[in-house]
Amino acid sequence: MQLEDRIKKVKEVIKQWKKEGLTVGFIPTMGYLHEGHESLIKKASEENDRVIVSIFVNPIQFGPNEDLENYPKDLDRDTTLCLNAGADLIFNPDKEEMYFDDFCTIVNMNGLTENLCGKSRPSHFAGVCTVVSKLFNIVTPDKAYFGQKDAQQLAVIKRMVRDLSIDVEIVGCSIIREEDGLAKSSRNTYLSKEERIAAIVLNKSLKLAKESLEKGERSSNNIINSIKNTIDSEKLAKIDYIQVVDALSMENIQEIKGPTLIAIAIYIGKTRLIDNFTFKM
Ligand code: AMP
């Protein structure tokens with residue numbers, strides 16, 4: 001497996017692979033990899049001849065008071081995980097390699113990005129769309145893998161690829177969870193022992209909501225209230241949002257009629273965690 005930090009070098013490697021007729025799968029990440037990322041890499045290595053993982057903590061998708069400076073890093077551990085999961089190349093550029101001093105192009109999306117995480121993180125998806133389109137231009141993958149854990153991001157990337165006619169297939173992958181249901185996340189490492197126990201409330205609240213949907217509940221307000229009551233029972237938890245949205249448009253809905261995303265963002269202490277599920281009737 002190769003480790004590269006230069007755009008030019010990565011393009012050369014890929015050019016050679018393409019010349020040989022090999023297909024390329026791509027997984028963009030911010031590093032500090034866990035079994036969630038691993039499942040994406042494994043899927044990509046099953047479905048492609050070559051697999052590239054990018055590790056880049058993208059500064060422009062973080063807001064001013066977010067955790068950019070403290071975001072966890074462990075390149076040695078990430079390298080071992082990538083190697084064992086079947087990756088062929090890690091692209092690990094620094095900030096200067098990705099954003100020149102006079103970098104001034106932003107890929108901005110209206111709609112889809114204004115609700116949910118976009119509400120509390122207003123510049124987040126412009127940062128995501130910009131870095132992902134730049135990475136797509138560097139890697140030119142046949143398929144790119146994104147987790148359903150970041151459901152809004154997955155919807156945004158699918159739309160961006162469609163709108164800009166980018167020649168890549170976007171593959172959505174299921175959420176990988178800890179044994180107690182907490183979605184795996186690099187940010188889980190911020191949690192103290194007490195907070196880690198409290199964080200179980202995210203998945204617990206969604207499970208109860210899913211059960212009531214399965215029993216026939218169709219009112220978004222009732223679903224939101226049930227989730228709110230469960231979250232409020234945990235004193236370390238503070239709600240950022242609880243929303244019931246159309247799974248394609250990300251717009252709020254009152255009555256659940258078609259594919260629906262039920263998504264939450266909760267602070268446990270200072271750590272913001274997200275979780276979701278999609279309900280299909
Ligand atoms: P990140 O490094 O957090 O930017 O995540 C990189 C990719 O891994 C994104 O497409 C995430 O949705 C995906 N991912 C992160 N955590 C999980 C998880 N627990 N299960 C599945 N995919 C995940």
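Here a trainee asks a mentor about the terms used for this predicted model.

Mentor: Ground rules: local features need pLDDT of at least 70, side-chain atom pairs count only at pLDDT 80 or more, and totals for chains, interfaces and linings use all residues. Residues are numbered from 1 along each chain as its sequence is written, and side-chain values use heavy atoms, with hydrogens and water left out.

Trainee: How do you know that strand 5 and strand 6 pair?

Mentor: Two strands pair if DSSP finds at least two bridges between them. Strand 5 (residues 143–147) and strand 6 have five, in the parallel sense, so they meet that definition. One bridge joins Ala144 to Ile170 in strand 6.

Trainee: And what makes strand 1 and strand 6 edge strands?

Mentor: The open sheet runs 1-4-3-2-5-6, with parallel pairing. Strand 1 (2–4) and strand 6 (169–173) each pair on one side only.

Trainee: Why is helix 6 called largely enclosed?

Mentor: Buried means under 20% relative accessible area (exposed is over 50%, partly exposed in between; 1.4 Å probe, protein chains only). In helix 6, 15 of the 16 residues are buried, so the rest of the structure largely encloses it.

Trainee: How do you know that its length agrees with the expected span?

Mentor: The expected span is 1.5 Å times one less than the number of residues. For residues 124–139 that should be 22 Å, and the end C-alpha atoms are 22 Å apart, so the two agree.

Trainee: What makes the ligand's pairing with His37 a polar contact?

Mentor: A polar contact is a pair of N or O atoms within 3.5 Å. A ligand oxygen is 2.9 Å from an N or O atom in the His37 side chain, so that pair qualifies.

Definitions and conventions. Helices (H or I, at least four residues) and strands (E, at least two) are DSSP runs, numbered from the N terminus. A polar contact is a pair of N or O atoms within 3.5 Å; within protein, one must be able to donate a hydrogen and the other to accept it, and residues adjacent in sequence count only if both atoms are side-chain atoms.
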